[in-house]
Each structure stands twice: as C-alpha cells, then as structure tokens.
Amino acid sequence: MNHLDTVIEIDGVEHTYGTGAKALAGVDLTIGRGEFVAIIGRNGSGKTTLAKHFNGLLRPTNPGGAVRLHTRDGRTVDTRGTRLHHLAATVGYVFQNPDRQIFHDTCREELEYGPRNIGADPETLAREVSETMELVGLEGREDTNPIHLSRGERQRLAIASTLVMGCDVAVIDEPTTGQDRAESRKILDSLAHHHALGRTVVIISHDMALVAEYATRVIAMRQGRVLTDGTPAEVFSQREVLQETNIRPPQAAVLAAELGLPGVLTVDDAVREMSAALGGTRSGPAPLPHDDKVS
Ligand SMILES: Nc1ncnc2c1ncn2[C@@H]1O[C@H](COP(=O)(O)OP(=O)(O)O)[C@@H](O)[C@H]1O
Ligand SMILES: [Mg+2]
C-alpha cells in the first residue's frame with residue numbers, strides 16, 4: 001500500500017496504564033483509506049486501548065511509539081503533538097456505550113451539535129442531518145427524544161452523530177454487543193452504506209459471522225499485540241492461531257471446512273458451495289433470511 005493511501009499509521013506503539021497494566025506491547029499497523037477493518041480478540045487483549053490511539057484519546061506511553069494521521073489535505077499529524085479537536089476531523093470515535101455520548105433532547109439537536117461547533121452553515125447542517133438520519137435508518141425521527149429510542153436505535157444515533165462530522169475514518173467500539181440479530185444487521189448496514197461512500201470504517205466486534213460478512217480486513221489481537229492480520233478468508237482459515245484467542249471462526253466457515261469446502265465465510269457462501277457440490281444443476285435454494293441463528 002503506498003503512502004498516499006494510508007490514513008492511520010501506528011508505529012511501535014506501547015501503552016501502559018497508570019495502574020501498571022501493559023495494554024499494548026508493541027503494535028505496528030497501517031490502516032488504508034477505504035478499508036472496513038474489524039478488530040477481534042478476547043476481552044482484555046487491548047482492542048479498545050488500540051482503537052483509542054487512532055484519534056488521540058490515548059497516546060503511546062513509550063517515547064519511541066507514534067501514531068500519525070494522514071489528513072485529506074495531504075498533511076501528516078502526530079497525535080502526540082495535536083489537540084483532540086483537530087484529530088477529530090480525521091478520525092471519529094463511537095464509545096462502546098452509546099449513552100455516554102447522547103446529551104440532547106431531540107435526535108436533530110444531537111446531530112447538529114458537532115457540525116455547528118465547527119461552523120457549518122444552517123443549510124448545509126440541515127442537509128447533512130437529514131442525510132445522516134437516513135443513512136442510519138432513523139429518518140422521520142428527527143424530533144424524537146433519544147430516551148424514546150430503543151437501545152439499538154440509540155447506538156445508531158451515536159454512530160450518526162460521529163458520521164455527520166464527515167470524518168475520514170469512523171471507529172466504533174463494539175457496535176453490536178447486546179443487540180439482537182436484526183438490530184445488529186441494521187447497525188452494520190448503516191456502516192456499510194457509509195463505507196460505500198468511500199469512507200474508512202473500523203469496528204471492534206465479537207460477532208464473527210458479521211465480521212466475515214462486512215469487513216474487508218480482520219486484525220486479531222492477543223495480549224496487547226497483533227496476532228494476525230489479513231482478509232476475513234485469510235484470518236478465519238487460521239483456526240489453530242485463532243484458538244489462542246478463544247475466537248471461533250463463523251460456524252458456516254467451520255462446517256464448510258469440515259465438509260472439504262474451503263473459502264466459505266458466510267451462510268450464503270455455504271449454501272452456494274454446498275448446492276454446487278451436490279451437482280450444481282439446481283438453481284439453488286432461496287437465500288436464507290438474514291435473521292438466521294447461525295453465528
Ligand atoms: N482505564 C484503564 N486503567 C487501567 N487498566 C486498563 C484500563 N483500560 C483497560 N485496562 C487494561 O488494559 C488491558 C486491555 O484492555 P482493553 O484495551 O480494554 O481490552 P479489550 O478492549 O480488548 O477488552 C486489560 O488488561 C485492561 O484491564
Ligand atoms: Mg474493549
């Protein structure tokens with residue numbers, strides 16, 4: 001990947017908390033423009049700590065470690081010497097608990113707050129708010145008080161309040177944890193729409209079926225280091241490696257591998273491969289509904 005395509009550069013980063021816990025033990029990574037990255041790994045492996053380095057919420061604690069952002073206008077900024085609100089134009093961050101970042105009495109005010117602070121004019125603001133509400137499937141709810149939204153809708157509102165800032169990279173910490181499958185899918189679809197506009201998305205997730213389906217790249221963490229990094233197909237085929245992290249590849253992939261059908265990641269892939277293996281003369285079954293129980 002050439003330098004122009006890189007948006008975040010993580011160089012030899014270590015992070016030790018004040019308690020002495022060494023959460024990152026030396027991470028080197030580059031995130032490219034337009035990637036949809038999923039960071040996976042067991043609890044405590046350093047995923048959140050790493051993600052908070054992407055926009056300067058945390059900074060490397062070792063003098064040799066550096067995080068650099070390449071901005072749209074061609075500058076390179078080191079998060080260590082730059083104020084948070086300057087970094088936020090490049091990388092937006094959605095906390096694991098969306099209620100931590102919802103403060104206003106209507107969805108509209110919630111979305112208007114950030115862009116207005118950076119000087120958006122009223123016309124642009126109104127357009128961006130309605131486009132973003134639609135992107136996350138909350139159109140028509142502009143005047144609703146967020147307390148009347150479901151948990152999943154509040155998660156989408158929190159995501160929207162970051163996306164509306166127009167940042168190049170959106171980092172979302174565990175967007176689907178505690179959500180049912182239908183809501184998880186709406187959340188991921190919102191992010192996929194945003195990604196389709198050419199933006200970069202980074203999620204932290206424990207839902208391997210969704211990771212396999214939506215991400216273009218998977219980074220597995222273990223004990224503060226990157227254990228493996230590649231396409232979903234590359235990472236999920238390393239079953240022995242993933243065992244060290246307690247991560248099981250998507251069930252559809254495991255089942256298909258047992259049946260001698262490599263390269264399967266999703267239920268839809270599995271259905272296609274299995275019907276081809278069974279003769280391939282049938283047009284194949286109808287696609288499975290997406291609220292299936294396979295994960
Ligand atoms: N604010 C904090 N203060 C002290 N230790 C922390 C803090 N946040 C995380 N840690 C520790 O750092 C390590 C990595 O945590 P974290 O980055 O939250 O992992 P993950 O997101 O993968 O669950 C864990 O050992 C955790 O206990
Ligand atoms: Mg975490």
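These notebook entries record what I looked up in the structure.

**Entry 1: the model as a whole**

I noted at the outset that this is a predicted model. I counted eleven helices and ten strands in the chain. I then looked up the extent of the C-alpha trace, which spans about 60 × 50 × 35 Å along its principal axes. I also compared the radius of gyration with the value for a compact globule: for 295 residues that value would be near 19 Å, and the chain has 20 Å, so the two agree.

**Entry 2: the surroundings of ligand 1**

Which residues surround ligand 1? I found Tyr 17, Thr 19 and Ala 23, and further along the chain Arg 42, Asn 43, Gly 44, Ser 45, Gly 46, Lys 47, Thr 48 and Thr 49. I sorted this shell by class and obtained two nonpolar, seven polar and two charged residues. Helix α1, residues 47-53, gives the largest share of the shell, with three residues.

**Entry 3: polar atoms facing ligand 1**

I next examined individual distances. An oxygen atom of ligand 1 lies 2.7 Å from a polar backbone atom of Gly 44. For Gly 46, I recorded 3.1 Å between a polar backbone atom and an oxygen atom of the ligand. Lys 47 takes part through its side chain, where an N or O atom is 2.7 Å from an oxygen atom of ligand 1. How much of the accessible area of ligand 1 does the protein cover? On its own the ligand has 560 Å² of accessible area, and the protein covers 61% of this.

**Entry 4: the largest pocket**

I turned to the pockets and began with the largest, whose volume is about 760 Å³. Its lining consists of 23 residues, and those nearest the centre are Ala 88, Gly 114, Ser 161, Thr 162 and Met 165. I asked which elements give two or more residues to this lining. They are α2 (84-87), β6 (91-94), α3 (107-117) and α5 (151-163). The largest share, four residues, comes from α3. By class, I listed twelve nonpolar, nine polar and two charged residues in the lining of this pocket.

**Entry 5: the second largest pocket**

I recorded a volume of about 270 Å³ for the second largest pocket. Which of its 15 lining residues lie nearest the centre? They are Met 208, Asn 246, Ile 247, Arg 248 and Pro 249. I found that helices α9 (239-243) and α10 (251-258) each supply at least two residues of this lining. The lining of the second largest pocket divides into four nonpolar, seven polar and four charged residues.

How values were computed: Residues numbered from 1 in each chain as written. Chains lettered and ligands numbered in written order. Predicted model: local features only at pLDDT ≥ 70, side-chain atom pairs only at ≥ 80, totals over all residues. Heavy atoms only, no water. Near = heavy atom within 4 Å. Polar contact = N/O pair within 3.5 Å; in protein donor to acceptor, adjacent residues only side chain to side chain. Areas by Shrake-Rupley, 256 points an atom, 1.4 Å probe, with all protein chains shown as cover. Nonpolar A, V, L, I, M, F, W, Y, C, P; charged D, E, K, R; others polar. 1 Å grid on protein atoms, 1.4 Å probe; cavity = no way out; pocket = protein on both sides within 12 Å on 5 of 7 lines; lining within 4 Å. Points joined across faces, edges and corners; volume = space filled by probe spheres on them. Rg over C-alpha atoms; globule rule 2.2 N^0.38 Å.
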